[in-house]
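Subject: Handing over the structure

Hi,

Here is the structure I promised to pass on. Have a look at it first, and then read on for what turned up.

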Amino acid sequence: MSYDDVEIEDMEWNEELQSYTYPCPCGDLFQITKDDLRLGEDIARCPSCSLYITVIYNAEDFADTASKKSLEPSKQQPVPVA
């Protein structure tokens, strides 16, 4: 069972860790990366203890824009024929 449910807006981006973080009662930080969020992961774990939190976020905010573009049909350009 998750220690708590935390909105992504309540977490802090940590440039050094390249992760969203949130204070853990043990004194360390719960951590989750943008890649984890893109993959649909919603569990931020503390590296120092066994606690974890459920991160509440909109998956569309972290969707990979490259994969969105690959789903769009490509626009073909006419090729002049001599």
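Let's start with a small puzzle: which residue in β4 is the bridge partner of Y22? The partner is F30. Before you go further, please keep in mind that this is a predicted model.

**The overall layout**

The chain has 82 residues, and 22% of them are buried. There are 2 helices and 6 strands, and read from the N terminus the elements come in the order β-β-β-β-α-β-β-α. If you look at contacts with a separation of 6 or more, 32% of them are between residues 24 or more positions apart.

**How far to trust it**

The mean pLDDT of the chain is 86, with 79% of the residues at 70 or more. Do watch out for residues 66-71, where the pLDDT is below 50. Beyond near neighbours in sequence, that stretch has 2 contacts in the model. Where pLDDT is low, predicted coordinates should not be read in detail.

**Two hairpins**

The pairing of Y22 with F30 belongs to a run of antiparallel strands. β3 and β4 (residues 29-32) pair in the antiparallel sense, over 4 bridges. They form a hairpin with 5 residues between the strands, and G27 in the turn has a positive phi of about 110 degrees.

On its other pairing, β3 is joined to β2 by 3 bridges, and these two strands run antiparallel as well. Here W13 has Y20 in β3 as its bridge partner. β2 and β3 also make a hairpin, with 4 residues between them. In that turn, Q18 has a positive phi of about 55 degrees.

**The aromatic residues**

Y20 is worth following further. The structure holds 4 aromatic pairs. One of them is Y20 with F62, which is edge-to-face, with 6.0 Å centre to centre and 90 degrees between the planes. This pair links distant parts of the chain: Y20 sits in strand β3 (residues 19-23), while F62 is in the loop between β6 (52-56) and α2 (65-71), 42 residues apart. Y20 counts as buried because its relative accessibility is 14%, under the 20% cut-off. F62 counts as buried too, because its relative accessibility is 12%.

F62 has another partner in Y57: the two form an edge-to-face pair at 5.6 Å centre to centre, with 80 degrees between the planes. Is Y57 buried or exposed? Y57 is buried, and so is F62. Put W13 together with Y20, Y57 and F62 and you have one aromatic cluster.

Two charged residues sit over rings. K34 lies over the face of W13, at 4.5 Å from the ring centre. R45 lies over the face of Y52, at 5.6 Å from the ring centre.

**The nonpolar core**

Y20 turns up again in the largest nonpolar core, which has 14 residues. The members that touch the most others are I8, M11, Y20, I32, L37, A44 and V55. The elements giving two or more residues to this core are β4 and β6. In soluble globular proteins, nonpolar side chains tend to be buried together.

What does M11 touch, if you leave out residues up to four places away in sequence? The list is V6, Y20, T21, Y22, I32, A44, I53 and V55.

**Two places to look at outside the core**

First, D10. You'll find D10 in the loop between β1 (5-7) and β2 (12-14). Is D10 buried or exposed? D10 is exposed, because its relative accessible area is 53%, and the cut-off for exposed is over 50%. From D10 to V55 it is 45 residues in sequence, and 9.6 Å in space from C-alpha to C-alpha.

Then there is Y3, in the segment before β1. Y3 counts as partly exposed, at 46% relative accessibility. Along the chain Y3 and I53 are 50 residues apart, yet their C-alpha atoms are separated by 5.3 Å. Setting aside neighbours within four places in sequence, Y3 is in contact with P25, F30, L51, Y52 and I53. So F30, the bridge partner of Y22, is also among the contacts of Y3.

Over to you!

Cheers

Notes: Residues are numbered from 1 along each chain as its sequence is written. Side-chain values use heavy atoms; hydrogens and water are left out. Rings of Phe, Tyr and Trp (its six-membered ring) pair if their centres lie within 6.5 Å; planes under 30 degrees apart count as stacked, over 60 as edge-to-face and the rest as tilted. Buried means under 20% relative accessible area, exposed over 50%, partly exposed in between (1.4 Å probe, protein chains only). A charge sits over a ring if NZ of Lys or CZ of Arg is within 6 Å of the ring centre and within 35 degrees of the ring normal. pLDDT is the predictor's confidence in each residue, from 0 to 100. Contact means heavy atoms within 4.5 Å. Two strands pair if DSSP finds at least two bridges between them. A nonpolar core is a set of buried Ala, Val, Leu, Ile, Met, Phe, Trp, Tyr and Cys residues joined through side-chain atoms within 4.5 Å.
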